[in-house]
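Work through the three exercises below with the coordinates open. Try each task before reading its solution.

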Amino acid sequence: MSLEVQDLVVEIGGRRVVDGVSFAVPDGARVGLIGESGSGKSLTALAVLGLLPDGATAQGSIRWNGRELIGLSDRKLAELRGDEIGIVFQEPRTALNPIRTVGRQIAESIRIHQRLPRRAAMERAVAEAARVRLPDPEQIVRRYPHQLSGGQRQRVAIAMALACRPRLLIADEPTTALDVTIQAEILELLHSLVADDGMSLVFITHDLAVLSQIATDAVVLEDGRVVEHGALAQLLTAPASPVTQGLLRDATATLWRPGGIS
Amino acid sequence: MSIPTTDGVLLRGRGLTRRFRAPAARLFESRRYTTALDDVDIDVPEGSAVGIIGESGSGKSTLVRLLLGLDSPTAGTVELGGRPVDAGARARSLHWLRRATGMVFQDPYASLDPRMSVGQIIAEPLWALGIPGDRRARVREVLQHVGLDADMAARFPHEFSGGQRQRIAIARAIAHRPRVLVGDEPLSALDVTVRAQILDLLRTLREKDGLTLVMVSHDIGVVQNLCDEVVVMKDGRVVEEGPTEKVLLEPQAAYTRHLLASIPVIDPYRSR
């Protein structure tokens with residue numbers, strides 16, 4: 001189960017926002033897409049999911065498990081999403097439906113892809129809530145999103161994304177909107193869920209420190225192009241591209257240093 | 001601007017408490033209150049840079065609003081240069097306070113009026129506070145001071161990048177030559193590259209102009225790089241305070257230790 005992106009071009013209104021991006025996510029790899037706003041990292045991920053905004057077109061090749069996704073019908077893409085490819089976005093508040101209980105939303109994400117009676121789906125929802133370590137899962141599935149904290153909402157979003165046991169999880173800045181102690185918990189949760197299942201991960205972020213907590217490899221983007229990619233340890237210790245060097249230098253300038261500023 | 005300081009303390013808060021009425025969960029329920037800030041003392045020495053760190057709901061923004069007279073405490077007092085701050089007073093009688101303070105917010109896309117030119121935005125506090133002198137000249141001067149081109153005064157906010165807008169917001173906040181500049185997460189919405197530049201600018205303003213800084217941030221790296229004093233808040237209370245290096249390197253409170261342990265660091269070999 002691998003993802004191969006080859007010469008991906010995304011155009012919005014004639015403007016190239018992703019310009020020939022290529023990278024691969026082998027089975028079980030955890031790959032970070034890193035870059036500043038406007039680097040094309042989110043649009044690359046949306047293209048993989050077939051979720052590009054109206055007016056955007058994708059060319060090139062995106063092969064999932066050998067199957068070409070570009071040109072695939074919306075219905076076929078929708079079948080893949082949630083089933084084989086899971087998604088977690090930055091803001092759990094907008095990703096969840098405010099007028100449905102969280103249990104029902106988790107159950108729904110299962111019932112879209114699997115024939116399952118409502119009651120059995122609700123039981124699965126409780127199990128999934130427990131799997132993302134939500135406290136008191138039996139009770140919490142009856143609550144509405146606004147009754148949960150930001151961190152709990154993101155756990156619900158993760159439960160929905162992983163309910164069908166996808167082989168690839170795409171996470172777009174999933175901890176950016178969270179407090180730092182909650183961020184640490186969510187990163188730890190994602191890491192253990194992904195590693196336990198041997199799932200592949202595409203993790204989008206602008207934060208090198210966050211990336212280094214979870215990714216094995218990284219693709220550095222700038223202005224819609226890949227400027228460097230490879231093992232994360234290599235990129236962080238011996239960055240070849242001036243862009244990566246700059247990101248590392250700037251991140252270090254405002255970074256928390258546990259040893260103090262020398 | 002002649003605001004004396006009492007024993008070197010520019011801003012002083014004592015016993016600051018702020019309660020808000022919580023929405024009733026049921027009809028006819030007796031009123032409930034949430035305590036956003038609970039008996040907080042704070043001293044901001046003249047010329048210092050004080051960082052206030054804490055997570056959502058810790059009360060850090062409420063504290064800053066009280067210090068700037070943007071909100072009245074339920075209990076407690078605020079003094080700026082020994083003079084009591086009464087947020088309930090009429091706007092005109094607070095001019096002395098507004099003249100002495102400047103504020104920068106998190107999101108430079110939301111804090112600048114898109115219909116006003118950059119020059120009008122920066123000049124607004126000058127005429128609103130009745131600051132004498134050549135306003136046009138001051139606008140050009142302050143634009144250059146924050147690393148922008150003086151000719152940018154004629155342009156509009158949408159023509160600028162996020163980092164440039166934050167420079168404009170800082171220019172507006174310091175145009176009237178305040179004594180203290182307060183930032184509420186002023187770097188949080190910016191890209192890392194831009195963040196490093198704005199951090200540099202704030203540091204320069206402090207070192208060259210002697211501006212006192214109060215920085216609210218959830219980003220401990222920013223505080224470590226900019227501030228010499230730090231106040232750690234949780235649930236409306238101060239859990240720890242002191243010199244930045246001491247608090248961050250030898251944290252005493254359990255919460256501070258937990259907070260610091262949660263911050264991701266760049267570790268090439270962590271995730272393998």
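The exercises treat one residue, one contact between chains and one overall fold, all in a predicted model.

**Exercise 1.** Locate Glu228(A) and decide: is Glu228(A) buried or exposed?

*Solution.*
- Start with the secondary structure. Glu228(A) sits in strand S10 of chain A, residues 225-231.
- Count neighbours. Glu228(A) has 20 C-beta neighbours inside 10 Å. The cut-off for buried is 20 or more. Glu228(A) is therefore buried.
- List the contacts, skipping neighbours within four places in sequence. They are Val220(A), Leu235(A), Pro239(A), Ala240(A), Ser241(A), Val243(A) and Thr244(A).
- Check one distance. Pro242(A) is 14 residues from Glu228(A) in sequence, and their C-alpha atoms are 9.5 Å apart.

**Exercise 2.** Break down the chain A side of the contact with chain B: which helix supplies the largest share?

*Solution.*
- Take the totals. Chain A gives 33 residues and chain B gives 30 residues.
- Find the helices. On the chain A side, H8 (180-197), H9 (208-214), H10 (232-237) and H11 (242-253) each supply at least two residues.
- Rank them. H9(A) gives the largest share, six residues.
- Sort by class. The chain A side has 17 nonpolar, 11 polar and five charged residues.

**Exercise 3.** Test chain B against the compact-globule rule: what is the radius of gyration of chain B?

*Solution.*
- Get the expected value. For 272 residues, a compact globule would have a radius of gyration near 19 Å.
- Compare. Chain B has 20 Å, so the two agree.
- Add the extents. The C-alpha trace of chain B spans about 55 × 50 × 45 Å along its principal axes.
- Add the makeup. Chain B has nine helices and 10 strands, and 44% of its 272 residues are buried.
- Finish with contact order. Of the chain B contacts between residues at least 6 apart in sequence, 66% join residues at least 24 apart.

Terms used: Residues are numbered from 1 along each chain as its sequence is written. Chains are lettered from A and ligands numbered from 1 in the order in which they are written. This is a predicted model: local features need pLDDT of at least 70, side-chain atom pairs count only at pLDDT 80 or more; totals for chains, interfaces and linings use all residues. Helices (H or I, at least four residues) and strands (E, at least two) are DSSP runs, numbered from the N terminus. A residue is buried if 20 or more other C-beta atoms lie within 10 Å of its own, exposed if 12 or fewer, and partly exposed in between; C-beta atoms are placed from the backbone. Two residues are in contact if their C-beta atoms, placed from the backbone, lie within 7 Å. Ala, Val, Leu, Ile, Met, Phe, Trp, Tyr, Cys and Pro count as nonpolar, Asp, Glu, Lys and Arg as charged, and the others, Gly among them, as polar. The radius of gyration is taken over C-alpha atoms; the globule rule is 2.2 Å times the number of residues to the power 0.38.
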